[in-house]
Amino acid sequence: IASDNQRLFNNAVIRVQHLHQLAAKMINDFEDSLLPEERRQLSKIFPLSFCNSDYIEAPAGKDETQKSSMLKLLRISFHLIESWEFPSQSLSGTVSNSLTVGNPNQLTEKLADLKMGISVLIQACLDGQPNMDDNDSLPLPFEDFYLTMGENNLRESFRLLACFKKDMHKVETYLRVANCRRSLDSNCTL
């Protein structure tokens, strides 16, 4: 069972690394498709932008991440991935003209697979302990927001891509730290 859990952790880390790399490629391809003036406008936007996933309580910085339990990091990762299930459909459509992602549902499927894997890891981490947080799934206020997004809205498309990249980076970091903790390595630095 321990080796199965290790394999699951390794697979989850590999999958989120792939999603993070895909997010970086998507945003780079999107920026490359812009005119110089559009690029200048967008470079001023993201530092001031708000990501919808900012509603999800997460460690603020490296120190807090280091102090968080493995279970907490897994649950936060689960919620971050869950928060992108619906928006990923818009994301695939947003970049379809400037990037070939393959099947438009590919991104959504990759997120669903990762979510399922993290769910299994959470259950393994609980290992028969009563789950006091069964109802901690937050109602996600994102669906209405993303329904109002137009494909031609450059600012919103960029913000969506930048937030996706940021969130995949967070999940990658949290899963790496949780995996390191699992191995009882005392040097789990970020």
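**Cysteines and an aromatic pair**

Both C51 and C163 are buried, and I would like to begin with these two cysteines, keeping in mind throughout that what we have in front of us is a predicted model.

C51 and C163 are joined to each other by a disulfide, with an S to S distance of 2.0 Å, and the count of disulfides in this model comes to one. As for where the partners sit, C51 belongs to the loop between α2, residues 36-43, and α3, residues 62-67, whereas C163 lies in helix α8, which covers residues 154-182, so that the bond links distant parts of the chain, 112 residues apart. Which hand does this disulfide have? The torsion about the S-S bond of C51 and C163 is about -90°, and the disulfide is therefore left-handed.

Let me put another cysteine beside that pair, namely C125, and ask how far it is exposed. C125 has a relative accessible area of 22%, and because buried requires a value under 20%, C125 is described as partly exposed.

Now to the aromatic rings, for which the count comes to two pairs. One of them is formed by W84 and F164, whose ring centres are 5.1 Å apart; since their planes stand at 70° to each other, the pair is edge-to-face. Here again distant parts of the chain are linked, with W84 in the loop between α4, residues 70-83, and α5, residues 87-95, and F164 in helix α8, 80 residues apart. Are W84 and F164 buried or exposed? Both of these residues are buried.

To close on helix α8, then, this helix holds C163, the partner of C51, and F164, the partner of W84.

Key:
Residues numbered from 1 in each chain as written. Predicted model: local features only at pLDDT ≥ 70, side-chain atom pairs only at ≥ 80, totals over all residues. Heavy atoms only, no water. Disulfide = S-S within 2.5 Å. Helix = DSSP H or I, 4+ residues; strand = E, 2+ residues; numbered from the N terminus. Buried < 20%, exposed > 50% of the residue type's maximum accessible area, 1.4 Å probe, protein only. Phe/Tyr/Trp six-rings, centres within 6.5 Å; stacked < 30°, edge-to-face > 60°.
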